[in-house]
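Welcome! Here are some short exercises, each with a worked solution, to help you find your way around a new structure. Have a look at the picture first, then try each task before reading on.

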Amino acid sequence: MANILIVEARFYDHLNDMLIAGARAVIEAAGHRTEVLTVPGALEVPGAIALAAESDRYDAFVALGVVIRGETYHFEIVSNESARGIMALTMDGIAIGNGILTTENEEQALRRADPAQLDKGGGAAQAALAMLDLKERLG
């Protein structure tokens, strides 16, 4: 039984709740334990995962959050840098499923977050479990 930490950037409560529900359903169906850690925004997710990984309490991580395009360049910075930070951690051998949504509008985010539709939270959890399995098989 693995310990999986969901790190969520909570900004849109209703969307995050759906992402977490999807991720938890996948993790629990696979017979693993899960906890949720909340950080202020998507830029803080990679740092929180790095700190949690150092604790050796968790076997894999699921990164969740929603970034919706606004009127400024901030969207690109947050989207690109959070993804870059997560990718850097995966290259260091940390099993992570990235479920940080980057969308043009709330309608797109809702469709992707909803477990009854695209279930990107569940998909991120599946990716984290697949990477954990790969890590264990390759030693």
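**Exercise 1. Decide whether D56 is buried or exposed, then describe its place and backbone.**

Step 1. D56 has a relative accessibility of 70%, and residues over 50% count as exposed, so D56 is exposed. Please keep in mind that this is a predicted model.

Step 2. To find D56, look at the loop between α2 and β3.

Step 3. Now turn to the backbone. D56 is not a glycine, and yet its phi is positive, at about 60°.

**Exercise 2. Do the same for D119: where does it lie, and how is its accessibility classed?**

Step 1. The loop that holds D119 runs between α4 and α5.

Step 2. The relative accessible area of D119 is 21%, so this residue is classed as partly exposed. The cut-off for buried is under 20%.

Step 3. The phi of D119 is positive too, at about 50°, although D119 is not a glycine.

**Exercise 3. Work out the order of the strands in the sheet and say which ones stand at the edges.**

Step 1. The sheet is open and has 4 strands, which follow the order β2-β1-β3-β4 with parallel pairing.

Step 2. At the edges stand β2 (33-39) and β4 (96-103); each has a single partner strand, so one side of each is left without a neighbour in the sheet.

Step 3. From one strand to the next, the twist averages 15°.

**Exercise 4. Go through the sheet pair by pair, and give the number of bridges and an example of residues that face each other.**

Step 1. Start with β1 (residues 3-9) and β2, which pair in the parallel sense over 7 bridges. Here I4 has T34 in β2 as its bridge partner.

Step 2. Go on to β1 and β3, where 6 bridges join the strands, again in the parallel sense. I6 has V62 in β3 as its bridge partner.

Step 3. Finish with β3 and β4, a parallel pair with 8 bridges. V67 is partnered by T102 in β4, and L64 stands opposite G99 in β4.

**Exercise 5. How many residues of β3 are buried, and what does this say about its two faces?**

Step 1. The count is 9 of the 9 residues of β3, so this strand is largely enclosed by the rest of the structure.

Step 2. Side chains in a regular strand alternate between the two faces of the sheet.

Step 3. Sort the residues of β3 by face: one side carries A60, V62, L64, V66 and I68, while the other carries F61, A63, G65 and V67. These residues are all buried, which leaves both faces of β3 covered.

Step 4. Now look at β4, which is mostly covered, with 6 of its 8 residues buried.

**Exercise 6. Describe how α1 packs against α4.**

Step 1. Two packed helices are described by the angle between their axes and the distance between the axes.

Step 2. For helix α1 (residues 13-29) and helix α4 (residues 106-113), the axes come within 9 Å and cross at roughly 25°.

Step 3. Angles under 35 degrees count as roughly parallel, so α1 and α4 are roughly parallel to each other.

Step 4. The α1 and α4 crossing is left-handed.

Step 5. On the α1 side, the contact is made by H14, L15, M18 and L19, which meet E106, A109, L110 and A113 of α4. Sorted by class, this contact of α1 with α4 has 6 nonpolar residues, 1 polar and 1 charged.

**Exercise 7. Repeat the analysis for α1 and α5.**

Step 1. The axes of α1 and helix α5 (residues 120-138) are 6 Å apart, and the packing angle is about 40°.

Step 2. That angle makes α1 oblique to α5.

Step 3. The crossing of α1 and α5 is right-handed.

Step 4. From α1 come L19, G22, A23, V26 and I27; they meet K120, G121, G122, A125, Q126 and L129 in α5. The contact of α1 with α5 divides into 6 nonpolar, 4 polar and 1 charged residues.

Definitions and conventions. Residues are numbered from 1 along each chain as its sequence is written. This is a predicted model: local features need pLDDT of at least 70, side-chain atom pairs count only at pLDDT 80 or more; totals for chains, interfaces and linings use all residues. Side-chain values use heavy atoms; hydrogens and water are left out. Axes are lines fitted to C-alpha atoms, for helices over the stretch in contact, and angles run from 0 to 180 degrees between N-to-C directions. Angles under 35 degrees count as roughly parallel, over 145 as roughly antiparallel, 65 to 115 as roughly perpendicular and the rest as oblique. A crossing is left-handed if the near helix is turned anticlockwise from the far one by less than a right angle, and right-handed if clockwise. Contact means heavy atoms within 4.5 Å. Ala, Val, Leu, Ile, Met, Phe, Trp, Tyr, Cys and Pro count as nonpolar, Asp, Glu, Lys and Arg as charged, and the others, Gly among them, as polar. Two strands pair if DSSP finds at least two bridges between them. Buried means under 20% relative accessible area, exposed over 50%, partly exposed in between (1.4 Å probe, protein chains only).
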